[in-house]
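Me: I am new to this structure and would like to go through some of its local features. Could we take them one at a time?

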Amino acid sequence: MEGRQCYDLLVIGGGSGGLACAKEAAQLGKKVAVVDYVEPSPRGTRWGLGGTCVNVGCIPKKLMHQAALLGGMIHDASHYGWKVAQPPHDWGKMAEAVQNHVKSLNWGHRVQLQDRKVKYFNFKASFVNPHMVCGVSKGGEETLLSADHIVIATGGRPRYPTHIEGALEYGITSDDIFWLKESPGKTLVVGASYVALECAGFLTGLGLDTTVMIRSVPLRAFDQQMASLVTEHMAVHGTRILRGCTPLRVERLSDGRLQVIWVDLASDKKDTGTFDTVLWAVGEQLET
């Protein structure tokens, strides 16, 4: 191990909360360090500094929604006298632009930390004692960091329903959807959270065949009258809604597509569908 480095404050996690905490402490004259490391998703997706919002949340989501809205505006333009043909959407072009923008934000956060004299470590940290962590770099090098105070701001990551056969092997989550180089094609979104409905919304808006599978009620923590309006609006605009259903297993077919077997909980009747992508949006688990 390298020699121990000492700080007034050490923040574990480089997301919105961790960065805000570190920068404020530095402005108050404290010696501060941030340790951030992204464990690749099961599909191998990784990203830079900035946390969920910047990399796999709010920012890319809003950009992809904007892409979908622009497609809708082109469709509506003819009603206002504009003779505009509806071109096919180029997922690769959009993804490249979105990902380049996100990478610029990653760099911006690093510059902001440097300007405030906050030390940034791309380490995976674990506690040695209440005032010391051991950081391990991608290359396996270890560094000891100690601090009077340590803040844990690691956030959460999407959860896979590992009890469902094939879920982990063949599915993706919101950690992956924003970093796909190619279109996900016909997509099944499993879940009824706002993440599930938002992703399904922009996928439909981009012209993709999209289905949402809801086990019980949509947007459980929200007002149910409003939740019903959301799903009704989505259905009118082309998103297929499967209610009261839960997947049993996912299998890969010889042509590379995914076959999903699910059950209708009311009738106990099984059904099958074929998709290019299965997106799990069934909640989060805290980082450990």
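The turns below deal with a predicted model.

Me: What distance separates the end C-alpha atoms of helix 4, and what span is expected for the helix?
Reply: Helix 4 runs over residues 91–115 and has 25 residues. At 1.5 Å a residue, a span of 36 Å is expected. The distance between the end C-alpha atoms agrees with this, at 36 Å.

Me: Which residues of helix 4 are buried?
Reply: An α-helix has 3.6 residues a turn, so residues three or four places apart point the same way. Buried here stands for under 20% relative accessible area. In helix 4 the buried residues are Trp91, Met94, Ala95, Val98, Gln99, Val102, Asn106, His109 and Leu113.

Me: Which residue has a side-chain oxygen that reaches the backbone nitrogen of Gly92?
Reply: The contact lies at the start of helix 4. The two atoms are within 3.1 Å of each other. The side-chain oxygen belongs to Asp90.

Me: Which residue with a positive phi follows helix 4, and is it buried or exposed?
Reply: After helix 4 comes a residue with phi near 60°, in the loop that leads to strand 3 (119–121). A positive value is noted here in a residue other than glycine. Its relative accessibility is 72%, over the 50% cut-off, so the answer is exposed, and the residue is Lys117.

Me: Where is Asp268 found, and what is its phi?
Reply: Asp268 is in the loop between strand 12 (258–264) and strand 13 (269–275). With a relative accessible area of 62%, Asp268 is exposed. Asp268 is a residue other than glycine with a positive phi, near 65°.

Me: How far apart are the C-alpha atoms of Tyr194 and Gly283?
Reply: Tyr194 lies in helix 7, which covers residues 194–205, and is partly exposed at 47% relative accessibility. Along the chain, Tyr194 and Gly283 are 89 residues apart. In space, their C-alpha atoms are separated by 9.8 Å.

Me: How many disulfides does a search of the whole structure find?
Reply: A disulfide needs two cysteine sulfur atoms within 2.5 Å. The search of the whole structure gives a count of zero. For Cys6, the nearest cysteine sulfur is 14 Å away, in Cys134.

Me: Why is the sulfur of Cys21 in no bond with the closest cysteine sulfur?
Reply: Cys21 counts as partly exposed, at 27% relative accessibility. The closest cysteine sulfur is that of Cys53. The bond is ruled out because the separation is too far, at 17 Å.

How values were computed:
Residues numbered from 1 in each chain as written. Predicted model: local features only at pLDDT ≥ 70, side-chain atom pairs only at ≥ 80, totals over all residues. Heavy atoms only, no water. Helix = DSSP H or I, 4+ residues; strand = E, 2+ residues; numbered from the N terminus. Buried < 20%, exposed > 50% of the residue type's maximum accessible area, 1.4 Å probe, protein only. Expected span 1.5 Å × (residues − 1). Polar contact = N/O pair within 3.5 Å; in protein donor to acceptor, adjacent residues only side chain to side chain.
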